[in-house]
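Subject: Handover of a structure, with notes

Dear colleague,

I am passing a structure on to you, and since you have not worked with it before, I have put my notes in writing. Please open the sequence and the structure first, and keep them in view while you read.

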Amino acid sequence: MGLLNAVLGRDDPPEEVIENCKVDIKVMFSEVDLKEGEAWIETEYGFLFGRGSAVIEVHFVTEEDGTPYVVFYSSIVQLPSNNLLAFYRRLLELNFDLGGQVAVGVDHDTVSVSASRAIAGLTEEGLVEVMGVVSSVADDLDDHLHEEFGAPFYEPEEE
């Protein structure tokens, strides 16, 4: 795969590093028999793929210093209408339990699971691991938070 064969982040421009990572992700999708248009789609900012009830967005960003990152993000539930203190405490406990692999956060009343990694030095195994962890946590956590707190499942806004 390109991430393993190329020396990333040294002299390659960020755009080239990002394009190589996109190719590697497409190869990984095909290796696990995920079909384009059925289980994943390419978007203007990266990819969308599903695992169970979760939809995971894959974005590519370049920091001000020129470092390219891949970001995995999944909106899972809305804030519940009751018991917010216990809900926020549970989110903090989850962040501790997840050990920094992924983060659980709140943005505009929506709870999400996310992780980002610098593309330079990211191996195929590392990429597979972060994709798996984010998608697994998102798929499990939406059901758990809905069941425990009555948090409504995330519904994307109609455009």
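The notes below go from the overall layout to the core, then to the salt bridges, and end with a few details of the surface and the loops.

Please keep in mind throughout that this is a predicted model, and that the values below were computed from it.

The overall layout

The protein contains 4 helices and 6 strands, and these elements follow one another along the sequence in the order α-α-β-β-β-β-α-β-β-α. Of the 159 residues in the protein, 38% are buried, while the accessible surface comes to about 9,100 Å², with 49% of that area belonging to carbon and sulfur atoms. If you look at contacts with a sequence separation of 6 or more, you will find that 60% of them are between residues 24 or more positions apart.

The nonpolar core

In soluble globular proteins, nonpolar side chains tend to be buried together. The largest nonpolar core in this model has 40 residues, and within that core Ile 25 and Leu 145 touch the most other members. Two or more residues of this core are given by each of helix H2 (14-31), strand S2 (46-51), strand S3 (54-62), strand S4 (68-78), helix H3 (84-97), strand S6 and helix H4 (124-149). Helix H4 provides the largest share, which amounts to 10 residues.

Ile 25 is a useful place to begin when you inspect the core on screen. Leaving aside residues up to four places away in sequence, Ile 25 touches Phe 47, Val 58, Phe 60, Val 70, Leu 127 and Met 131.

Helix H4 also deserves a look as an element in its own right. This helix has 26 residues and reaches 37 Å from its first C-alpha to its last, which is close to the 38 Å expected at 1.5 Å a residue. The residue that follows H4 is Gly 150, and its phi is positive, near 70 degrees.

The salt bridges

Side chains of opposite charge can pair when their charged atoms come close. The structure holds 3 salt bridges, and I will take them one at a time.

Glu 93 forms a salt bridge with Arg 89, in which the closest N and O atoms are 3.0 Å apart. Because these two residues are 4 residues apart in helix H3, about one helical turn separates Glu 93 from Arg 89. Glu 93 is partly exposed, with a relative accessible area of 30%, whereas Arg 89 counts as exposed at 57% relative accessibility.

Glu 93 also forms a salt bridge with Arg 90, and here the closest N and O atoms are 3.7 Å apart. This pair too lies in helix H3, and since Glu 93 and Arg 90 are 3 residues apart there, they are separated by about one helical turn.

The side chain of Arg 90 also meets that of Glu 148 in a salt bridge, at 3.7 Å from N to O. As Glu 148 lies in helix H4 and Arg 90 in helix H3, this pair ties together parts that are 58 residues apart in sequence. Glu 148 is partly exposed, with a relative accessible area of 41%. Through salt bridges that share partners, Arg 89, Arg 90, Glu 93 and Glu 148 are joined into one network.

The surface and a loop

On the surface, Leu 84, Tyr 88 and Val 106 make a nonpolar patch of about 220 Å². Val 106 is found in strand S5 (residues 103-107), and this residue is partly exposed, with a relative accessible area of 35%.

The loop between S5 and strand S6 (110-118) includes His 108, and Asp 109 has its place in the loop between S5 and S6 as well. Although His 108 is not a glycine, it has a positive phi of about 50 degrees, and Asp 109, which is not a glycine either, has a positive phi of about 65 degrees. His 108 counts as exposed at 71% relative accessibility, while Asp 109 is partly exposed, with a relative accessible area of 48%.

With kind regards

Key:
Residues are numbered from 1 along each chain as its sequence is written. This is a predicted model: local features need pLDDT of at least 70, side-chain atom pairs count only at pLDDT 80 or more; totals for chains, interfaces and linings use all residues. Side-chain values use heavy atoms; hydrogens and water are left out. Patches are made of residues with over 30% relative accessible area and no salt bridge: like charges are joined within 9 Å, nonpolar side chains (Val, Leu, Ile, Met, Phe, Trp, Tyr) within 5 Å. Accessible areas come from the Shrake-Rupley method with a 1.4 Å probe; for residues, only the protein chains shown count as cover. A salt bridge is a side-chain nitrogen of Lys or Arg within 4 Å of a carboxyl oxygen of Asp or Glu. Buried means under 20% relative accessible area, exposed over 50%, partly exposed in between (1.4 Å probe, protein chains only). Contact means heavy atoms within 4.5 Å. A nonpolar core is a set of buried Ala, Val, Leu, Ile, Met, Phe, Trp, Tyr and Cys residues joined through side-chain atoms within 4.5 Å. The expected span of a helix is 1.5 Å times one less than its number of residues.
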